[in-house]
Amino acid sequence: MLLTLFTVTDADNVIGKTMQEITRMDIFLKRDVDISSPVLILIPDLPTGFDNINYAEIPALKRYYFIDSITSLGGELWELRLRCDVLETYKPDILSSVARFTRKIKTGDCIDINVDTCVYKTITKHDCDRELTAGRSMILTTI
């Protein structure tokens, strides 16, 4: 199975990361592996070990990974703890989606009422020290 190691300088929340390939290695998984967060024990094939390496790809698993930690196990063995980069792994699906992503409305947000109108709202939250009467509830929303 092929493992490609990279240096990436982009932030974690970027789609379309700029990857500088450092090396490729053949790896053999001897047991079941958590494909979301695999832990690999490797012998580096580079004179500088795993310096400046922070990203990986395992094409057979169809995943890209952040390298969260690199730990020396003594001798030539190193442990790499990986975490799936869902943005890069599912980049084609994300970029071709037509979904709208929303969050709670905040002060200064623009609310689309219709095609021709956009309204800026000041959102104010009022907390109350009283509880609702059992069995009854009320939700008040004003625009």
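Select Ile-43 to begin: this residue lies in the loop between strand 3 (39-42) and strand 4 (55-58). The model is a predicted one. Ile-43 has a relative accessibility of 43% and therefore counts as partly exposed, since the partly exposed class lies between 20% and 50%.

Next, add Ile-41, Leu-73 and Leu-77 to the selection and display the molecular surface. Together with Ile-43, these residues make a nonpolar surface patch of about 340 Å².

Keep Ile-41 highlighted and extend the selection to the whole of strand 3. Its side chains alternate between two faces. Leu-40 and Leu-42 point to one face and are buried. Val-39 and Ile-41 point to the other face and are not buried. Ile-41 thus appears in two settings: it contributes to the nonpolar patch, and it belongs to the face of strand 3 whose named residues are not buried.

Now bring in strand 6, residues 77-84. This strand pairs with strand 3 in the antiparallel sense, over four bridges. Within the pairing, the residue of strand 6 that stands opposite Ile-41 is Glu-79. Leu-77, already selected as a member of the patch, falls within the residue range of strand 6.

Return to the loop between strand 3 and strand 4, and move along to Asn-52. Which sign does phi of Asn-52 take? The value is positive, near 65 degrees, in a residue other than glycine. Most residues other than glycine have a negative phi. Asn-52 counts as exposed because its relative accessibility is 63%, and the exposed class begins over 50%.

Proceed to the loop between strand 4 and strand 5 (63-74), where Lys-62 is found. Phi of Lys-62 is likewise positive, near 55 degrees. With a relative accessibility of 67%, Lys-62 counts as exposed.

Finally, clear the selection and colour the entire protein by secondary structure. Two helices and eight strands are present. Followed along the sequence, their order is β-β-β-β-β-β-α-α-β-β. What share of the 143 residues counts as buried? The buried share is 24%. The protein exposes about 11,200 Å², and carbon and sulfur atoms supply 52% of that area. For a contact map, consider the contacts between residues at least 6 apart in sequence: 47% of them join residues at least 24 apart.

How values were computed: Residues numbered from 1 in each chain as written. Predicted model: local features only at pLDDT ≥ 70, side-chain atom pairs only at ≥ 80, totals over all residues. Heavy atoms only, no water. Patch = residues over 30% accessible without salt bridge, like charges linked within 9 Å, V, L, I, M, F, W, Y side chains within 5 Å. Areas by Shrake-Rupley, 256 points an atom, 1.4 Å probe, with all protein chains shown as cover. Salt bridge = Lys/Arg side-chain N within 4 Å of Asp/Glu carboxyl O. Buried < 20%, exposed > 50% of the residue type's maximum accessible area, 1.4 Å probe, protein only. Contact = heavy atoms within 4.5 Å. Pairing = 2+ DSSP bridges.
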